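Colleague: I'm new to this one. Could you pick a single part, take me through it slowly, and then point out anything else worth a look?

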Amino acid sequence: MTDVQTPVDIEASLAGRKLTHGKLPRYTPMAVFVGSLVLVGGLLAVLGSFSIPLTVFLGVLLHAVVLLVVTRMVEGGRAAKDRLATTLMYSAFGLALIPLISLMWTVLQNGLKRFDLYFLTYTMRGVFGGMDAGGAYHAIIGTLEITLFATLISVPIGLLTAVYLVEYGPTRLGKAITFFVDVMTGIPSIVAGLFAYALFVLFFGPGVRMGVVGSVALSVLMIPVVVRATEEMLKLVPNELREAAYALGVPKWLTIVKVVLRTAAAGIVTGVMLAIARIIGETAPLLLTVGVVNSANFDLFDGRMMTLPVYVYRQYSQGFAPNGITTINYDRAWAAALTLILIVMLLFAVARLVSRFFAPKTGRR
Amino acid sequence: MKRIRYGRIAALVAASAIALTACGSDPVESGGDNGGNGGNGGGSEESLSGDLAGAGASSQEAAMQAWIAGFGSENPDATVTYDPIGSGGGRTQFGEGAVAFAGSDSVMDDEERAAAQERCGGTDAIHLPLYISPIAVIYNLEGVEGLQLSPATLAGIFNRQITNWDDPAIKADNPDATLPNKRIIPVNRSDESGTTENFTEYLAATAGEAWPHEPSGDWPLQGGQSGAQTAGLVQTVKGGDGTIGYADASQASDLGVAKIKVGESYVEYSAEAAAKVVDESPRAEGVPEGDLAIDLQRDTTAEGTYPIVLVSYLIVCKSYEDAAEGDLVKGFVSYVASEEGQAAAEQAAGSAPISATLRGDVEAAVESITVGS
Amino acid sequence: MTTTGDPAAKPARPGKQRAPQRPGDLIFSISAKAAGVLILVILAAVALFLIVQAWPAIQLDSAELAEEVHWIGEAQSLLDYVGPLVFGTILAALIALIIATPIAIGVALFISHYAPRRLATSFAYVIDLLAAIPSVVYGLWGGLWLMPKLYPVFDWLATNLGFIPIFEGPAADPPRTILTAGIVLAVMILPIITAVSREVFLQTPTLHEEAALALGATRWEMIRMTVLPFARSGVISAAMLGLGRALGETMAVAMVLSPGLLYSFLILRPGQQQNIAANIALKFPESSGVGINVLIFTGLVLFVITLVVNMLARWIVSRRAEFSGAN
């Protein structure tokens, strides 16, 4: 008798004291979001001060508050906090997108005016004033060559150093290197340019302007970034992998090359790409070391070269032309900026492919 | 699944971009040809060849591009480069022998003269005033056109003593204009520049007590709006409401340009007015023979002159040991001083062409440059 | 006798964990070490060059300095000149860091733990793109797009919060102030902080996360209990990288800031502060002689600042030495 009665009692007692929380339907956040946007937008429209940024800003605010209150009432405090955190994460991402989208939009809008095959394949040789001519071919060549050479200098040094730090450390030398690599990260680009200039002045005399000087200046900036990125990635390779390799009798260097570096390859490539991305847009050191020129120069070791960032800055600082197309310099600056960004996006895409191709299968991604 | 497709697109983009870069090499030559439409009949008897490097004032940059293009079309085998590293840098590099000529907004000091003398094999270096550019006072103030300013008012504004557009001093200069009650935002150059130096020189020479500062390439006051390079300054003036600044006249674009009081009348800048003040001014004293450095009369009251001008020099040696280099310098400078050259600069940079008398002097000076030996 | 170079021989000697010296190992370790030493050499060369080139300015007294360099005032020592620059550099970098770090952590968490798994890589790519944009373009964008939009906000701040000293008005029009520079810098350092933080967040042991979830933690609680503690030192090093970039940024600052040399916390007024790198960029082209030495001295000071900042950050990281990522 009692056995049968017990569940009924429990059920009866449950009716009074809720043990489980209510659960909001899955679409709730979305619905609240859309609702807040419409409400705020409508309210602002009625007040006569409708604008998209304000609507989004206040809408997100309202969304956060409403969701917090609703969740707190239905699902409880912990869930409410969780919802708030989610809103915050989404807003952070949205906020980060604002500069990107506006920047891309501005660059596209202004850059497409002159961005065409002509712009990519002609130089500025013999172009002046408001002439409806001129391109950035020489600057593209310069940027690609100088950056490539800087990468060729930086990646082996950076990679080997990181290997030394992680795989052969921690020695006293290793600690010193780690420390000074951190210091090097903070070298302002302009100082790196000065250093490279002074170095080459020793050998070539004053007024030296060569692509390779720029490459050296950029390497000074790039090496620490490569080391840091590679180091972080190498540290994340599980020790079990190394131990397993050693246990199988694989020599240390082979372990590093075939196991450690391979496991970390994806991260390293991403790191190198970020490093390139950092240096490819450097203006100040190149302005100092590579100079400017209006025609194409393919030789890294002889004479001035133009580079895209310097091209952008130079066109920008020339300002308005007195006649002809008066905004031509700004148009070229934007088009070159667009070119530069496209080159980098391309690098990124290639890097993604490479890293995916080489990346070992992991549970995460 | 999605990733693979994304990757393919990326590969396609990559391939096409590589193809694009590869075919770029071809038209470079035609790019060179393309530039040669300067339209000058070509008066030089024989074509020069070789490389000529110059460096210096960025103020000359736009004009220099036109000169280089024009000279290049007459002498297709000659390549002239100009590095706009600033006047000081240009003079230093010239003294070090890194470049064959320098562009400079100001005259060399004694130390630089000594270095130049050493570089020129014992002979002097000379200044040739080949780029004359009026500096316009530009402002961005809605509803006010043809603003007129006397030197003292101008100095008061830039010295931040006059802070509102409806100030009595401005009203006195502009009896007919309706001036708004708005704060004045003076904008100066944030980098050291020849423009600032010439502008402050003008204020110091004409405004009397209203401008207590020394002329200088650096703006003497702290805590105001400023912009880097002419373009930065123009953009700052454009970006604000009630702003006023000074810039190369060619860069004034669609901004308001103030008329400046010279003598008893208000003068708007013009090429002729700017060239005229150069002609009215005496040569600098104590310079070597053939040196055409000018002592600008900022406080001139002569009618039809516009005294806020920037005069930029080409600095060359009186003799070049390297015959090829010397011939190139002579050829290039002659072209720059020629009517075509000055017209090209006016087209490209909005500068004021030099007068015929000055051209005669420059030609004589260029003639006297010895080459070889 | 087995040859030491033959890996296949290794299992035959189970007693030894590592063979003494294989030629491959030797070459590899030496070249790795050489690369590390080379970095020290490069850095020493940079430092040496800075000191040597700054020396002519250091050894002059203030009267001679004012004589040689016209933008240094009478009776102003070298340190008097550098002081406000240091102040401005740090202020701009701090503003950038204060704005960027929370957003970057949010974005990194969003990508690693909130975004739909399939889209996460694309989102990460999108944020990485921000790092790829050259500083010159940021300068253009900051000047042409951002500034007009910031002015109403700054004006509102100055009118309504003007009683707080740093917001004292009137707001600059156009807003070429240190706050604008800080915002542009924040955008520029955001991707770096995000990228590094995200990588670290992703390395949180999955088992920890799943354990937290299995105990009934919400997603936020899981992040707070497992991801954040695990990633703390990584995030600090990420912020440090960002700070390093913000301290040395040249072009974007030069293009959006009206510089001044004051010890001023007024972040809405123009012409108050200046950053060392932008100052060098603006002054260098037209400088010569001792002027260049003075600028190089300011570069040296910037160098020392980054050294101190990095030492501090290192110290913070080393206090949490249990995190190495490798365990």
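Modeller: Sure. A quick definition before we start: a helix axis here is a line fitted to the C-alpha atoms over the stretch in contact, and angles run from 0 to 180 degrees between N-to-C directions. Keep in mind, too, that this is a predicted model.

Let's look at a helix pair in chain C. Helix H3 of chain C covers residues 78–114 and helix H6 of chain C covers residues 178–202; their axes come within 5 Å and cross at roughly 40 degrees. That angle makes H3(C) oblique to H6(C). By class, the contact of H3(C) with H6(C) has 24 nonpolar, 7 polar and 1 charged residues. As for handedness, H3(C) passes H6(C) in a right-handed crossing.

Now step to the loop between helix H5 (135–160) and H6 of chain C, where you'll find C:Pro174. A cis peptide bond links C:Asp173 to C:Pro174, with omega at about -5 degrees. Most peptide bonds are trans.

Chain B has an oddity of its own: B:Arg160 isn't a glycine, yet its phi is positive, at about 65 degrees. B:Arg160 sits in the loop between helix H6 (151–158) and helix H7 (168–173) of chain B.

Last, turn to the surface of chain A. A nonpolar patch there is formed by A:Val65, A:Leu68, A:Val69, A:Met73, A:Leu84 and A:Leu88, with about 540 Å² of accessible area together. Helix H3 (52–74) and helix H4 (77–111) of chain A each supply at least two of the patch residues, and H3(A) gives the most, with 4 residues. A:Leu68 is found in that helix H3 of chain A.

Methods
Residues numbered from 1 in each chain as written. Chains lettered and ligands numbered in written order. Predicted model: local features only at pLDDT ≥ 70, side-chain atom pairs only at ≥ 80, totals over all residues. Heavy atoms only, no water. Parallel < 35°, antiparallel > 145°, perpendicular 65-115°, else oblique. Left-handed = near helix turned anticlockwise from the far one by under 90°. Nonpolar A, V, L, I, M, F, W, Y, C, P; charged D, E, K, R; others polar. Patch = residues over 30% accessible without salt bridge, like charges linked within 9 Å, V, L, I, M, F, W, Y side chains within 5 Å. Areas by Shrake-Rupley, 256 points an atom, 1.4 Å probe, with all protein chains shown as cover. Salt bridge = Lys/Arg side-chain N within 4 Å of Asp/Glu carboxyl O.
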